[in-house]
Amino acid sequence: MMSVLKLFDLAGRISIVTGGGDGLGRVMALALGEAGSDVIICSRKINKCEATAYQIEKFGVKALPIQCDITHDKDVDRLVNETVKKFQKIDILINNSGRTWGAAPEEIGMQDWQKVIDLNITGTFRCTQKVGREMIKRKSGKIINISSYSGLIGTDPEYLDAIPYNTSKGAMISFTKDLATKWAKYNISVNCIAPGWFHTKMSDWTLTNKKGAILSRLLIKRFGHDDDLKGVVVFLASRASDYITGQILTVDGGLSAW
């Protein structure tokens with residue numbers, strides 16, 4: 001029987017975190033590094049990836065910042081190739097990159113809709129497919145998709161009127177469950193985290209200006225803290241979750257329990 005601490009130990013593992021230079025991606029990248037994994041941080045803004053990599057290396061692990069736009073095939077190819085060249089494998093993929101666009105459904109432009117869908121859904125699939133091919137070769141891997149509580153329920157337009165985002169996050173849940181059934185034969189687990197309201201650059205305006213309306217819906221009367229997410233991502237990335245696949249772990253203060 002393995003000790004509890006060993007079950008959560010990520011020493012020797014290689015993780016990629018898309019959108020890992022900022023927001024919740026940064027929190028998860030730091031958590032994986034603290035648990036012992038070497039971490040590749042990628043996003044369109046290389047300076048933020050470099051800053052996160054610097055912090056991760058303080059844990060005594062390796063960190064590799066890579067500029068990557070997951071809507072571009074060549075960028076994702078470079079991400080995978082550079083990771084395999086340096087580390088020889090990929091154990092963990094965190095599909096975190098995403099964007100939003102706020103507007104009433106009857107008013108949103110098709111170009112704005114498409115930008116959200118191209119990144120949140122198509123970009124995630126592109127990255128998953130290319131990383132997944134490396135995992136299939138080794139018959140091992142853990143993929144963690146980042147959805148949202150808004151992919152599970154309708155959201156009040158008073159504080160989240162963003163149907164492209166919500167649609168993409170609902171698609172992420174279906175994507176997780178279906179991919180889990182397809183890749184279980186390769187010993188690849190596919191799970192999903194659905195966060196609620198955490199303070200990030202994307203959410204800060206809403207949390208400041210719509211605080212009362214949101215808190216009134218939360219069973220736990222506060223917004224999420226970094227520590228609320230760190231343990232969840234390490235759990236799903238570690239051997240502690242080896243018998244779990246195709247599942248959605250909601251971290252939302254009880255918002256989706258209504």
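How much space lies in the second largest pocket? About 240 Å³. Start there. Bear in mind that this is a predicted model.

**Stop 1: the second largest pocket**

Select Gly-141, Lys-142, Asn-187, Ser-189 and Asp-242. Among the 16 residues that line the second largest pocket, these lie closest to its centre. Now colour strand S5 (141-146) and strand S6 (188-195). Each strand supplies at least two residues of this lining. By class, the lining divides into five nonpolar, five polar and six charged residues.

Stay with Asn-187 for a moment. Asn-187 sits in the loop between H6 and S6. Check its backbone: phi is near 65°, a positive value in a residue other than glycine. Most residues other than glycine have a negative phi.

**Stop 2: the largest pocket**

Next, select Gly-98, Arg-99, Thr-100, Thr-200 and Met-202. These residues lie nearest the centre of the largest pocket, which is lined by 46 residues. Its volume is about 1,300 Å³.

Which helices each supply at least two residues of this lining? Colour helix H2 (23-34), helix H6 (163-183) and helix H7 (204-209) to see them. H2 gives the largest share, three residues. The classes here are 17 nonpolar, 18 polar and eleven charged residues.

**Stop 3: from H2 to H9**

Keep helix H2 in view and select Glu-34. Then add Lys-230. Their side chains meet in a salt bridge, 3.4 Å from N to O. The pair links distant parts of the chain: Glu-34 belongs to helix H2, Lys-230 to helix H9, and 196 residues separate them. Is Glu-34 buried, exposed or partly exposed? Glu-34 is partly exposed, with a relative accessible area of 47%. Lys-230 also counts as partly exposed, at 26% relative accessibility.

**Stop 4: a network of salt bridges**

Select Asp-73, Asp-77, Arg-126 and Lys-130. A network of salt bridges links these four residues. Zoom in on Asp-77 and Lys-130. Their side chains meet at 2.9 Å, N to O. Asp-77 lies in helix H4 and Lys-130 in helix H5 (residues 110-138), so this pair ties together parts that are 53 residues apart in sequence.

Show the surface and compare the two partners. Asp-77 is partly exposed, with a relative accessible area of 31%. Lys-130 is buried, because its relative accessible area is 14%, under the 20% cut-off.

**Stop 5: either end of H4**

Move to Asp-69. Asp-69 is in the loop between strand S3 (63-67) and helix H4 (73-87). Asp-69 is buried, with a relative accessible area of 13%. Add Cys-42 to the selection. The two residues are 27 apart along the chain, and 8.2 Å separates their C-alpha atoms.

Now go to Gln-88, in the loop between H4 and strand S4 (92-95). Is Gln-88 buried or exposed? Gln-88 is exposed, with a relative accessible area of 58%. Here too the backbone deserves a look: phi is near 70°, a positive value in a residue other than glycine.

**Stop 6: a salt bridge at Lys-6**

Select Lys-6 and Asp-9. What do their side chains form? They meet in a salt bridge, 3.9 Å from N to O. Lys-6 is partly exposed, with a relative accessible area of 41%. Asp-9 is partly exposed as well, at 24%. To see the wider set, display every salt bridge: a search of the whole structure finds 15.

**Stop 7: a nonpolar patch**

Last, select Leu-219, Ile-220 and Trp-258 with the surface on. They form a nonpolar patch, and their accessible area together is about 360 Å². Where in the chain is Leu-219? Look in the loop between helix H8 (211-215) and helix H9 (226-237). Leu-219 counts as exposed, because its relative accessible area is 51% and the cut-off is over 50%. Helix H9 is also the home of Lys-230, the partner of Glu-34 from the third stop.

Notes:
Residues are numbered from 1 along each chain as its sequence is written. This is a predicted model: local features need pLDDT of at least 70, side-chain atom pairs count only at pLDDT 80 or more; totals for chains, interfaces and linings use all residues. Side-chain values use heavy atoms; hydrogens and water are left out. On a 1 Å grid over the protein atoms alone, a cavity is a set of points where a 1.4 Å probe fits but cannot get out, and a pocket is an open set with protein on both sides within 12 Å along at least five of seven lines; lining residues have an atom within 4 Å of a point. Grid points are joined across faces, edges and corners, and a volume is the space filled by probe spheres set on the points. Helices (H or I, at least four residues) and strands (E, at least two) are DSSP runs, numbered from the N terminus. Ala, Val, Leu, Ile, Met, Phe, Trp, Tyr, Cys and Pro count as nonpolar, Asp, Glu, Lys and Arg as charged, and the others, Gly among them, as polar. Patches are made of residues with over 30% relative accessible area and no salt bridge: like charges are joined within 9 Å, nonpolar side chains (Val, Leu, Ile, Met, Phe, Trp, Tyr) within 5 Å. Accessible areas come from the Shrake-Rupley method with a 1.4 Å probe; for residues, only the protein chains shown count as cover. Buried means under 20% relative accessible area, exposed over 50%, partly exposed in between (1.4 Å probe, protein chains only).
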